[in-house]
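Colleague: I should like to go through this model with you, from its surface to its interior. Please show it first.

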Amino acid sequence: MADIVFAFDPALHRPIPAPEAAPPEVVEAVTTAAVAALEDAADVASRGEAAVLAICGRLLDPSRASPAQAARLRKLVVALADHGCRTLVFIDDMAACHELSRMLGEPRGLAFVTPAAPFTLDIRGLSVELVSAHGPAGAAGADADALPPAASPLHRRVVLGWDNALWSPDRWVADEPTFGVVPQPRLSSSAAAFAAAATASAAWSQPGTFWVWASRQPQTLPPGVHFLPPLQPRSPAEPAVGACCTLTLLDRPASEEARTDLVSAPNADWRGSWREVPTRRVAWRTVSVESPTGGDEELATTIWSALEKLPRERSAAVELLRCSVACGTSVARRVRVGEIAAETLARLRGLHDPRSFPWWCIDLVAEPTESLAPLGHARSGGRPGSTTSFSSALADIVTMVEQSQTLPAAEAREAGWLALELIESV
């Protein structure tokens, strides 16, 4: 049972791209993963007799969404309303509220929270206020104190904030432009700043206040702040398992007669009722093997043996696998792996069986994060003018970049190996 279900960043207008050459069942599972994860959260709310499904982050951008996406979201909102559950969307811009409401045909049960307009409802006699942490109210100071304090012990306030980390799938591209339902730039841009603003506010530091921070990247949260993961990860760069979260504010009676009369009491341990419920439909995994001698057949056999030993990921409908081949310091072998990657992937994909192995290989590469240190002058014995001088010098540069933290170590090593492979293949 749950009174409020929280969902972060469904982004229905940005479905996960279908993998290359994938069979229809894999394409269907991947491209519908975002909306299916939101529907799983709605199902948690329905089965738990929740009063609110609170959605923050990106939901559905009117300028990008298709009529089919809007119709499926409207159906979800109406179905929740039939079960007595409101769909509450956190949006930074009031104009975006009107656009989303019009696009969905103003369905019953749909409501909004903006930085200037919290939402208050009664849940079986308990007054609950849901507040957005964005905008002036979340910056601390007089504006934050302008929110009314908790009126009585039968009052709960939930303050919800989030960031836009990892919204872009490309690490070299800036965050998604701000328009439509995409949140505006944050005054409270991090969990630490959010917690500092909350504790400085006379309203948000009331005993009946519950703080939630949502993000796609792992964070060490300050005490008292609860983490809300995304419903569905969008790339292997996201370590969080997709989930919605539930909060139980009231103790539900055990007997059916009492449940019919809606008799309930405040949950004494309501802060400890925060729970994650998995909603992930697509998962990413990396399979690492040592590079064998020979061609694509030998490499495919080695990878297949590793795949057979993998434990089944039961929280996801399909797994997208990245095959990583460790080549040590052999640049020639790395180039060879690149040459036979397509043939090896074809062999592995030909063995795909969705009933016994619900995975699909999307990539095969020579491991890009292997250390170049063994090629450096200090360990390889390279001397200026020798055939290894360039490799040793490049390895030394990569090691220096790693130590200076100018770039992440993985990116510095990947750039170094690419340079060596380019020279080897010329």
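Colleague: How much area does the chain expose, and what percentage of it do carbon and sulfur atoms supply?

Modeller: This is a predicted model, in which local features need pLDDT of at least 70 and side-chain atom pairs count only at pLDDT 80 or more, while totals for chains, interfaces and linings use all residues. Residues are numbered from 1 along each chain as its sequence is written, and side-chain values use heavy atoms, with hydrogens and water left out. Accessible areas come from the Shrake-Rupley method with a 1.4 Å probe, only the protein chains shown counting as cover for residues. The chain exposes about 19,300 Å², and the share from carbon and sulfur atoms is 56%.

Colleague: What percentage of the residues is buried?

Modeller: Buried means under 20% relative accessible area, exposed over 50%, and partly exposed in between (1.4 Å probe, protein chains only). Of the 426 residues in the chain, the buried ones make up 49%.

Colleague: Which element gives the largest share of the largest nonpolar core?

Modeller: A nonpolar core is a set of buried Ala, Val, Leu, Ile, Met, Phe, Trp, Tyr and Cys residues joined through side-chain atoms within 4.5 Å. The largest one has 34 residues, and Leu 38, Leu 53, Leu 59 and Leu 60 have the most contacts inside it. Elements that each supply at least two of its residues include strand E1 (4-8), strand E2 (52-56) and helix H2 (33-47), where helices (H or I, at least four residues) and strands (E, at least two) are DSSP runs numbered from the N terminus. The largest share, eight residues, comes from H2.

Colleague: Is Glu 290 buried or exposed?

Modeller: Glu 290 belongs to strand E14 (residues 282-290). Leaving aside neighbours within four places in sequence, Glu 290 is in contact (heavy atoms within 4.5 Å) with Thr 302, Val 325 and Ala 326. Because its relative accessible area is 60%, Glu 290 counts as exposed.

Colleague: How far apart in space are Glu 290 and Cys 327, C-alpha to C-alpha?

Modeller: In sequence, Glu 290 and Cys 327 are 37 residues apart. Their C-alpha to C-alpha separation in space is 6.7 Å.

Colleague: What percentage of contacts between residues at least 6 apart in sequence join residues at least 24 apart?

Modeller: The chain has 12 helices and 16 strands. Among its contacts between residues at least 6 apart in sequence, the share joining residues at least 24 apart is 72%.
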